[in-house]
Structures are given as structure tokens and as C-alpha cells.
Amino acid sequence: MVRIRFATDGDRAGIFGVHESAFGKQQGPEIVDLVSGLLGDRTAMPVFSLVAEIGGRVVGHVLFTAVRLQSGPQSISAQILAPLAVSKEHQGEGIGGSLINEGLKQLAASGVELVFVLGDPDYYRKFGFRPAKVLGYEAPYPIPVEHEDAWMVQELKAGTLGGAQGKIQCAKTLDQPRHWHE
Ligand SMILES: CC(C)(COP(=O)(O)OP(=O)(O)OC[C@H]1O[C@@H](n2cnc3c(N)ncnc32)[C@H](O)[C@@H]1OP(=O)(O)O)[C@@H](O)C(=O)NCCC(=O)NCCS
């Protein structure tokens, strides 16, 4: 049975193993570095780090970190989902979806109003995300026109979309062009 819960310090090795498995030899080390950096980055706080566990073993991980809107009349509580991974042998079992849905539930309960993601639009659409650029939200680095739909947002508090707009400022660790290609 799959259990979704908040990650603890003791999960670090398991979490890194999941990203190595999901992203492979080429991209895995970069993602492990990203997760490790974000977990110790004060500008990323508050972080929401959730794991999926089967029989005491971590098989999935999702990380949400704080972002800010550079302009806008009121202050908005916003987060970004990055990264998400499920171990190769457990992909396609609904674990990624469970991690996203539980994460969104926890964020909403904490008063987070907007959540951003850069990823496969066909996948993230299933969980309520919509293209963000047309709604007035600019990514920290330009997203090529052909992948524009990959930059997505969803509101967790009704009426937030259409309020504060502009360019998103992410945590220092994530604020590097190499993390912003899709
Ligand atoms: C992407 C990933 C996290 C999805 O997790 P998962 O547990 O395999 O996905 P789920 O089983 O929850 O899939 C939920 C739904 O999305 C679909 N889906 C899965 N991957 C998809 C993709 N890349 N594009 C479109 N749909 C996808 C599934 O078919 C399923 O559809 P259904 O609900 O209609 O049956 C996982 O495959 C993974 O770790 N991939 C490698 C790392 C990666 O690319 N991470 C995302 C970028 S940060």
C-alpha cells in the first residue's frame, strides 16, 4: 500500500535514490543537487517535501518551494512544484498523481494561494494546472514559444488568478537558467 507523508531528514537518501532512478544517469545527479540545494535554501522556505512510501521504502517524492511575485498590489502566497519523481519500477501506478494531490491539499490548508509548475502540460493539466503566461505570470527565465504551455499555474484560493501578476521570483537555488528549459 502506498502511503503519502511529509518527508523527514531520515528520508534524504531515499529521496535522492528516487530522483536518480526516475531521471537516470544523465539528468539524475543534477536533480539530486537541485533537491539537496533547495532543502537547505532559506529563500525556498517554506518548503513542502512529501514522499510516497511502500513497505517503508521511499518510491516517490515531490517538492514545493516558495516563490514571490515581483509586482502586484497585494502580497500573494505562492509556491512552485519542482521536482517530482517516482521510481522507475513504480511509474504509472498513480503515485505521482497522489503526491501532487496530497501536496496541493497541504498547501491549500496552509493558505497558499497560487502554485506554479514547469512541466509536461498533458500531465499537469490532469491536476488543475493551466498555462500561466496568458494569465499574466512570467517565468523567471524566458520559456521558448514552442514550450510556452509548459509554464503553468493553478489557484488554490478562488479569485486569486487575475489579482497580482508579473514575473515570478524563485528560490536562489532554482534561479539558474539551466533549471528553466522544458
Ligand atoms: C512524471 C512522473 C512523476 C509521473 O508519475 P507516475 O506515478 O508515473 O504518474 P501517474 O501514474 O500518477 O499518472 C497519472 C496520469 O498521468 C498520466 N501520465 C503519466 N506520465 C505522463 C506524461 N509524461 N504525460 C502525460 N500523461 C502522463 C498517466 O497515464 C495517468 O493518466 P490517467 O490518470 O488518465 O490514467 C514519473 O513518470 C516520473 O518520475 N518520470 C520521470 C521524472 C519526470 O519526468 N518528472 C517530472 C518532471 S519534474
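Two exercises follow, one on the packing inside this protein and one on the surroundings of its ligand.

The model is predicted, so local features need pLDDT of at least 70 and side-chain atom pairs count only at pLDDT 80 or more, while totals for chains, interfaces and linings use all residues. Residues are numbered from 1 along each chain as its sequence is written, and side-chain values use heavy atoms, with hydrogens and water left out.

**Exercise 1.** Find which residues of the largest nonpolar core touch the most other members.

*Solution.* Begin with the term: a nonpolar core is a set of buried Ala, Val, Leu, Ile, Met, Phe, Trp, Tyr and Cys residues joined through side-chain atoms within 4.5 Å, where buried means under 20% relative accessible area (1.4 Å probe, protein chains only). The largest such core has 36 residues, and those touching the most other members are Leu114, Phe116, Tyr137, Trp151 and Trp180. Next, look at the elements, which are DSSP runs numbered from the N terminus (helices H or I, at least four residues; strands E, at least two). At least two residues of this core come from each of α1 (12-39), β3 (57-69), β4 (78-86), β5 (114-118) and β8 (151-155), and α1 gives the largest share, 9 residues.

**Exercise 2.** Describe the polar contacts that backbone atoms of Leu84 and Val86 make with the ligand.

*Solution.* A polar contact here is a pair of N or O atoms within 3.5 Å. For Leu84, a polar backbone atom is 2.9 Å from a nitrogen atom of the ligand; for Val86, a backbone N or O atom lies 2.9 Å from a ligand oxygen atom.

Conventions
Buried means under 20% relative accessible area, exposed over 50%, partly exposed in between (1.4 Å probe, protein chains only). A polar contact is a pair of N or O atoms within 3.5 Å; within protein, one must be able to donate a hydrogen and the other to accept it, and residues adjacent in sequence count only if both atoms are side-chain atoms.
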